[in-house]
Amino acid sequence: MKKILITLIFIFAFLNVTAQKADQFNSWWYFSGKYQLTEKFNVQTLYSWSRHDFINEWQQSKLRLGAGYNYLKNISFNAGYEWIVLFPYGAHPVSQKRTEHRIYEQFIIKSKIQRVAVNYGVQLEQRIMADFTRHRLRMIFGAKMPLITSEDGKTKLGVSFFNQVFLDIDKCANGNYFSQNRVYGGFDIPLDSTCTLSLGYMNQYIIINDTRIENDHTLMVGFFHKLDFRKKD
């Protein structure tokens, strides 16, 4: 892990000197749902409405349907399908609007350190486009904790953080596998026992190639919904 971190620091330093970096401002508005069917199985949904130049232009549309299996209380496996439409935007646009069909498999471990809930894991992705298929790996780390609680211990305001490192598996042969990093910090506001509003900031650092880099500053607005359909005794 130490060697990986040192390598990433050198990559960031080198690319910042040699590449053309574009600072851009976006906003992502998304709905995420999790619906517990049994003790082990759940269904997961997501729609993300991603905008460039704050909200003026399209950046990306993403729709997800997935399922999760709780192997143990703190270990889970998730898999699903995503339908993504990517639009030309910003200083380094794609050549044309394109559709991507994505299949993902995810492994997550959860733990708790006093009041801080921590999760970390990996996600493997098969990105199927019109003319080719690419494979990508995400390394995931996240944490959240309550800031303000009620007298009965329920969270009234929480804070959350995550970092995701993206590796392009197809490029491992020539060593240029690091492609993107996302780091996020924000607040979670429970509206009731089933709904939570989140508001935060994400920095998305994308290495397009050796001469082009995106450094995206993104407002994140999310609405999380959860329901438990298990039969109550």
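**Entry 1, strands S5 to S7.** I began with S6 and strand S7 (residues 133-149), and I noted that they pair in the antiparallel sense over twelve bridges. I keep in mind throughout that this is a predicted model. Within this pairing I found glutamine 123 opposite arginine 138 in S7, and I recorded that S6 and S7 form a hairpin with four residues between them. I then looked to the other partner, where S5 and strand S6 (residues 116-128) run antiparallel and are joined by 13 bridges. Here isoleucine 113 stands opposite valine 116 in S6. S5 and S6 also form a hairpin, with two residues between them, and in that turn I noted glutamine 114 with a positive phi of about 55°.

**Entry 2, glycine 158.** I placed glycine 158 in strand S8 (residues 155-168) and asked myself whether glycine 158 is buried or exposed. With a relative accessible area of 4%, glycine 158 is buried, because buried means under 20%. I looked up its contacts, leaving aside neighbours within four places in sequence, and found Met145, Pro146, Leu147, Gly186, Phe187 and Asp188. I also noted lysine 144, which is 14 residues from glycine 158 in sequence and 7.1 Å from it in space, C-alpha to C-alpha.

**Entry 3, aromatic pairs.** I read that the structure holds ten aromatic pairs. One of them is formed by tyrosine 35 and phenylalanine 229, which are tilted at 55° between the planes and lie 6.5 Å apart, centre to centre. This pair links distant parts of the chain, since tyrosine 35 is in strand S1 (residues 20-36) and phenylalanine 229 is in the segment after strand S11 (212-228), 194 residues apart. I noted tyrosine 35 as buried, at a relative accessible area of 15%.

I next looked at tryptophan 58 and phenylalanine 87, whose ring centres are 4.9 Å apart with the planes at 20°, so I entered this pair as stacked. Tryptophan 58 lies in strand S3 (residues 57-72), while phenylalanine 87 lies in the loop between strand S4 (75-86) and strand S5 (98-113), so the pair ties together parts that are 29 residues apart in sequence. I recorded tryptophan 58 as partly exposed at 30% relative accessibility, whereas phenylalanine 87 counts as buried at 15%. Ring pairs link these two residues with Trp49 into a cluster.

**Entry 4, arginines over rings.** I returned to tryptophan 58 and found arginine 51 over its face, at 5.0 Å from the ring centre. I also noted arginine 64 over the face of tyrosine 104, at 5.3 Å from the ring centre.

Conventions. Residues numbered from 1 in each chain as written. Predicted model: local features only at pLDDT ≥ 70, side-chain atom pairs only at ≥ 80, totals over all residues. Heavy atoms only, no water. Phe/Tyr/Trp six-rings, centres within 6.5 Å; stacked < 30°, edge-to-face > 60°. Buried < 20%, exposed > 50% of the residue type's maximum accessible area, 1.4 Å probe, protein only. Lys NZ or Arg CZ within 6 Å of the ring centre and 35° of its normal. Contact = heavy atoms within 4.5 Å. Pairing = 2+ DSSP bridges.
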